[in-house]
Structure formats: structure tokens, C-alpha cells
Amino acid sequence: MSRRILCVQLADIGDLILTTPALRALRDALPDAHIALLTTPHAAPIIPDALVDEIITFNKHTFDSPRALANVRNWPALLALWRSLDSGIFDTVVFFHHFSTRFGMLKFVGMALASGAQKRIGLRSEKTGFLNAGIDEMGFGAMHQAQYWLRLVDVVTGEQENETVIDAQQPAELHNQYTGKRMDLFTEYVPPRVIGQMNEYSVLRLNNAFVSRELAGQDEHRPQIAIHAGSGGFSTARRWEPEKFAEVALRLIDEHNAHIVFVGTKNDDTESVKLAMRVLGTTSDLPITDLTGKTTLLGLVTVLETCQLFIGADSGVMHMAAASGVPTVAVFGPSNHAAWGPWSPEGPVTVVRSAPICSPCSYVGTGVGLRGGCEARTCMKMVTAEAVYDAAVNLLNGEPGSAGGRGHASPLRTTERVYILGVPVDKLTYDTLLEHIAAWIGAKDGLHQMCTVNPEFVMMAQRDPNFHNILNRVDLCLPDGVGLVYAARYLRDPLPGRVTGSDGVPIIAQRAAQEGWRLFLLGAAEGIADRAAEVLRKRYPGVQIAGTYSGSPRAQDEDTIVEIVNAANADILFVAYGAPEQDKWIARNAPRLNVSVAMGVGGTFDYLAGVVPLAPQWMRDAGLEWLFRLVRQPGRIRRQMRLPAFVVAVLLHGRR
């Protein structure tokens, strides 16, 4: 009896495209098996008939939340899905998904029960008890999504043992293994299945005729370049600025005699790009064809296959281009390029990203993170038209693609760390801190960020995935709070002691006076940074204060503040916007800040300026600053409630 396998991929077009190598591998390994695919109606047309025997469609948005499940009007759809799965007819179900949310996992448990499959395969973790086979979940980006799903197929076909532990530290070796073995799967990409009364051949003829008509008369010697100015409906935060698309398009036309073909849907930003082109120059008599909103998925594939290059942000259209073998330039910001970068067997690909410390912020580790990015969107704004143009020209000239971004410098770690509730804390003293700073300033290899961590920070990070990611990516996390010292002792991994921001800034300033390091004081209320600078000058004669500025962490002020800081030619930047805003501000602007060291310092400027008194030394030594502040500012009681919550969390969860 042949096997009956249900494959589940209830995501959008890009995710389903990245599943097709696994579906092809499954079909090649088990040609006699009955393979069914459960996917969304929107994405289903991209699947070639040769890959699966049956497609079951289900609108995942019907059950995106418990509220939707409680709506009785949605129950008929659920019943129809249950009947489609026809409990008991499948022997194996494979989930091509990360189980990132509790509600989402409950939905998949229901699907597993409905399928009646005895073998349930997926990414296994301590939360996925309903699976009885699979590989270990290592988080988004530990491997490319396509590689994850290929490993699952190995479990289905018996090539890989159940519960295999994959070394997350060897992504390059894994990539090479699967590149050599499976990357040719996309070369057999055929036109998608057509749902309707017309057969595939007749629809293909109509699409080819449409494309030929729209692109008729183009010089075959001109490079035809597809530009997609959208990002799908999932997250508009992934979109690059229309003005920059316009600049790249005009340069390619002027300098490379290119013909530009705009693709996508009517909801994409093509009109904004064309408007920007009119502002920058003109669109009259330019070699432009606008096909946005005019093609089916099948027609879009045909268009892309006529192009010598594709330029766009992270989207399903980008994955279609890469799958079609078109050399692809992909702009990434908030989304995880290591998980969802273009995967191409034939055409080279290049990922262009500014690589701030906080990027990616969506789908990192095993969590969803900021699916819509942050409000500032600095990671996308910092991607320059020059960088995308250069990447495009390299691919046009046949040079190999790459993935990268400037980012902040990350030398080999020389300090030991203890993890408290998933937040790293470095085992430092003030002397070793100064050694690190001296080495970074001497190397001048980019910005190095330090965060002063206390129990409040740790608890904020439990609810703020962006802050949690930043703390895990910065160069040093200083043990600022005495609660961390006690917690590390409880975990039997003690810290040498506290290294605080309020004491650390004067100590750094003293060393700066000796070494000639230039300091910039950013943040606090108007005039406070100036007063703090005067105090430092009096205490440490010869210290160079390169500049002061109050400013704000608002996104609309970033460009101005970065210009002011860079003009000062400082070595060390202290930022006093309060946590976590100060740390987020540094992280997202790191690639364009011309300083060697940056650190958030909270209320340190207020202490130096005498606006807020420090606790007596005996209270600081005893770790009772929190009590001193609470007595002076009773309104801090809500913030201080994080301290008992921290104690309870450490006792219950320890390092997790």
C-alpha cells in the first residue's frame, strides 16, 4: 500500500515557494506516494502539478486569533477543513512551520488529529509534544527556511534519524551540503497550476501572448530589469523608499540603457516610484513598462523569466524571481534575511541591508518579534540607492552575488557571560571595561555598543522582543544592578561585582583625560548635558568633551542628531534617553554613527549635574539605591514592582 502524506504550509506565496524544494525532494524520493498539500487559496496556484497529487486550500486568516475561532460564522469553514482532511486516510503529516505562538500550535494540533496520521513530523521543541518525529527547532535563521524543510523530508524518507540534533554553529557547512544536493530543484520550476475551467496550456498561451504584447518592440540588446516596489500585504515596514527605487531605475536607464518593467499588485508603490522619477527627471519617452496589477501569478512568472535582473524588497514576488533563476537584488530590513533571503539555483542573488544591531527584529529565535518592524524603520532608510545600484550593476556584469551589510563591529568575545532569564550579563570589572574600550578605540573598526543591565532591564526584555534581541547582540552587557549579582550567585555562576553607569561614566572620563579620548554627551533635559560636561571638565582636567546635545529618541530627529554627533568626531558616545529607548536608538543608528563606543547611561547626566542626588555610598554598597529613589520619588512604585517579579522569575526559571 502506498504512503499517504499530508504536507502543511499555511503561509503566503514566499513561504510556499521556499517549501517547493522539499516537495520536489519528497516526490523524487517517494514517487508512488499520494502527496497532499494543505495551503492557502492565494498561494496554491504557484505549485506545479508534478509536485503534489492533491491540494487542499484553507484561508488561514479565518482562524488567526481565538476571537475568530469563537465567531460561529467561521465554523462552517472549520468543518469543511475537517472533512477535507478526512480523518484516518493519511499515515504521515509534515508541518512546514515554526510553532511560534500558542494559538497557532493549537491549530496545528487540531489538523494533526483531523488527519489521523500516526506519524507527525515537524520542528520539535519542549512545546511540541504532539509531534513524534522531526528535527530540533533551532530558531529562525539558524538555517534557511528551505534547508529546514529539506531536513524534514529526510525524516519522512528515512534518510535522517528522528530527533537529530543539528549544530547551529555550522550554518555554512549545512548550506554547502544542501546546495550541492538539492539546489537544482528549482531548475525544474514549471508554470503554476491553474484553478478554473481553462486548461493550463491555453492559459499559458494567453499569458505569453499578453506579455509579448506588453513588451513588444523592446530592444533585445537592452537589459530588461524588473522592479517590485511593494512587499506584500503582510508588512509594509519591509518596503524600501519609492524615491530610492526611482533613483536606481533612472541610473540604470541612463548608464546601462536598461528597460524597466514594474511588477506587483495595484497596492504596491509603483505610482509613488513613477512620481519620484518625474520629480528627479522625467518619465516621458523613457523605456518603462508598468505591469503592476495587470498579470496573474502565471503571467508574472512569464514576465520575470524575460528579465535579466530583479530588484525588490522581501516579498513573495522576490522569491518568485529567485525561483525563476533571475539574478536578484533583495533589500532587507526588519525581516530575517538568514531565514527568508532569496534562494536561487541558477541566478546569483545579493541581499542588501544596512545591518543595524536591532535588525532583524521580526522572527528571531523562536519568537515572532516585531512583525511590522519598529516605527522608526531606520534599517530600511539607511539602505542607500548607491548600495542597491552597485549590487544591481555587479549582477548585470555577471559578478557573484552576496549577502551582507556593514553593521557594527563584533570582535571575538573575550569575556565570560552568565545568562539570567535569557539576558546576557558579562563578567566584568571596571579595569576590564576600560581595557575593552581602549582596544575598540585603537582598532577603529566600527561602533561597539554597551548596555548597563539591571533587573528592570531583564524584566522589560521579557515583554519587549526588540530590546531582548539588542541585549543579546551588543558587545557588552554591564552588571549594573545588585539583583543581578545575587541572581548569578543563585545560579552558581557568580559575577565579579557591579559595573554601573553612574560610576562608570566618571571612571571612563578619567581615563579619557589621560588617553585623549573625545566624549559626546547626548540626551537628558535641556541644558543638563552641558552641566554634566562642565562637572567632568572640572573633575578631570584635560578631558575632551566633543559635544553635547539634548535631542530626543524620536525617529524624525534621528538624521539631525546623527549629523551633529558625527560632526563632533567623538570616540565615545553616552546617550541618556532612558531605557530601553536609549539602547534602541544606538542599536538602530549604529551603522551610521562614526564613534567607536556607545553606551546608554540613563540618569547619569542628572546625577553629575546635581539635579538628582545619588544614594549615599553605604546604600549603594548594599544595593539599596532602589529604596533611596523610591523614597524620593514614590511615583516609581510601578517600575519598582519589576524587582519582586524578577526575584520570582529567577527562582522559577533561572537561565531560561
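Me: How many bridges join strand β20 to β21?

Reply: The model is predicted: local features need pLDDT of at least 70, side-chain atom pairs count only at pLDDT 80 or more, and totals for chains, interfaces and linings use all residues. Residues are numbered from 1 along each chain as its sequence is written, and side-chain values use heavy atoms, with hydrogens and water left out. Strands (E, at least two residues) and helices (H or I, at least four) are DSSP runs numbered from the N terminus. Strand β20 (residues 518–523) runs parallel to β21, and the number of bridges joining them is 5.

Me: Which residue of β21 stands opposite L521, and which strands are the edge strands of the sheet?

Reply: L521 stands opposite T548 in β21. Two strands pair if DSSP finds at least two bridges between them, and the open sheet has 6 strands in the order β19-β18-β23-β22-β20-β21, with parallel pairing. The strands that each pair on one side only are β19 (476–479) and β21 (544–549).

Me: At about what angle to β21 does helix α21 run?

Reply: Helix α21 (residues 528–539) lies across β20 and β21. Axes are lines fitted to C-alpha atoms, for helices over the stretch in contact (heavy atoms within 4.5 Å). Angles are taken between N-to-C directions and run from 0 to 180 degrees; for α21 against β21 the angle is about 165°.

Me: How many bridges join β22 to β23, and what handedness does the β-α-β unit have?

Reply: Strand β22 (residues 572–576) runs parallel to β23, with 4 bridges between them, and I572 stands opposite V597. A crossover counts as right-handed if, with the strands pointing away from the viewer, the path from the first strand over the helix to the second runs clockwise. The unit made by β22, helix α23 (residues 581–589) and β23 is right-handed.

Me: Which residue of β23 stands opposite Q449, and are the residues of β23 buried or exposed?

Reply: Strand β18 (residues 448–453) is joined to β23 by 3 bridges in a parallel arrangement, and Q449 stands opposite A598. Buried means under 20% relative accessible area, exposed over 50%, and partly exposed in between (1.4 Å probe, protein chains only). In β23, V597 and M599 point one way and A598 and G600 the other, and all are buried.

Me: How far does the backbone oxygen of G341 lie from a polar atom of the side chain of H144?

Reply: H144 is found in the loop between β6 (133–136) and α6 (145–157), and H144 is buried, with a relative accessible area of 9%. Leaving aside neighbours within four places in sequence, H144 is in contact with residues including L18, W340, G341 and W343. The distance from the backbone oxygen of G341 to a polar atom of the H144 side chain is 2.7 Å.

Me: How many of the 8 residues of helix α12 are buried?

Reply: Just after α12, G325 takes a positive phi of about 85°. The buried residues of the helix include V317, M318 and H319. For α12 (residues 316–323), which is mostly covered, the buried count is 7 of 8.

Me: Why is C361 not bonded to C374, and how many disulfides are counted?

Reply: A disulfide is a pair of cysteine sulfur atoms within 2.5 Å. The closest cysteine sulfur to that of C361 is in C374, 6.0 Å away, and therefore too far for a bond. C361 is buried, with a relative accessible area of 7%. The number of disulfides is 0.

Notes:
Polar contact = N/O pair within 3.5 Å; in protein donor to acceptor, adjacent residues only side chain to side chain.
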